[in-house]
Amino acid sequence: MAPAGREKQQEKSHDPHRLWRDFVSERGLHVSKTRDAVVDVFLKTKEHVDLQTLFELARKSHPGVGFATVYRTMKLLEEAGIAHPRRFGDAKETRYEVAAGRSHHDHLICEGCGQIIEFVSPEVERIQDRIASRHGFTLSRHRHELYGLCPDCRAGDKRAT
């Protein structure tokens with residue numbers, strides 16, 4: 001059993017806000033209210049967010065935020081390992097999801113409405129490990145993106161035909 005102090009330290013190391021503060025400090029970056037506003041808004045998002053949406057959300061809480069600040073901040077969050085950039089299918093814009101403190105997951109993407117559902121499947125993980133092993137691979141990472149139509153879009157398709 002780990003000592004209580006070590007457990008607290010491990011919890012802090014997965015806290016995205018703490019990771020951000022440590023990253024800014026280690027890099028000697030200037031602390032900025034507008035950048036911090038972008039970070040706060042991003043870390044509160046539950047969805048995969050594009051830069052324009054993040055910009056609009058950040059401006060609601062901090063009107064001085066500019067698009068360039070959002071862009072640069074997301075690049076820094078990506079560099080810090082706090083944000084994962086995602087490009088689903090043939091989408092032109094990159095979407096971001098919070099990476100720090102979250103466990104691995106895969107995605108179902110609706111080709112009709114663009115809805116993204118995150119899922120975890122131990123069975124999928126076991127199958128991919130068996131496949132990799134069968135071919136002599138040692139996996140370092142993977143990304144599963146499954147495309148189709150959500151129930152609402154399928155229902156709409158049935159009405160249209």
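Among the elements of the protein chain, which has the lowest mean pLDDT and which the highest? In this predicted model, local features need pLDDT of at least 70 and side-chain atom pairs count only at pLDDT 80 or more, whereas totals for chains, interfaces and linings use all residues. Residues are numbered from 1 along each chain as its sequence is written, and side-chain values use heavy atoms, with hydrogens and water left out.

The lowest mean pLDDT (the predictor's confidence in each residue, from 0 to 100) belongs to helix α1 (residues 4-13), at 42, and the highest to helix α5 (residues 67-79), at 95. Over residues 1-12, pLDDT stays under 50, and the model has two contacts beyond four places in sequence for this stretch; contact means heavy atoms within 4.5 Å. For the protein chain, the mean pLDDT is 83, with 85% of residues at 70 or more.

The protein chain contains seven helices and six strands, taken as DSSP runs numbered from the N terminus (helices H or I, at least four residues; strands E, at least two). Strands β4 (residues 106-110) and β5 (residues 116-119) pair in the antiparallel sense over four bridges, pairing being assigned if DSSP finds at least two bridges between two strands. Leu108 stands opposite Ile117 in β5. Five residues separate β4 from β5 in this hairpin, and Gly114 in the turn has a positive phi of about 85°.

Arg35 lies in helix α3 (residues 33-44). Not counting residues up to four places away in sequence, Arg35 touches Trp20, Leu29, His30, Thr69, Thr73 and Leu76.
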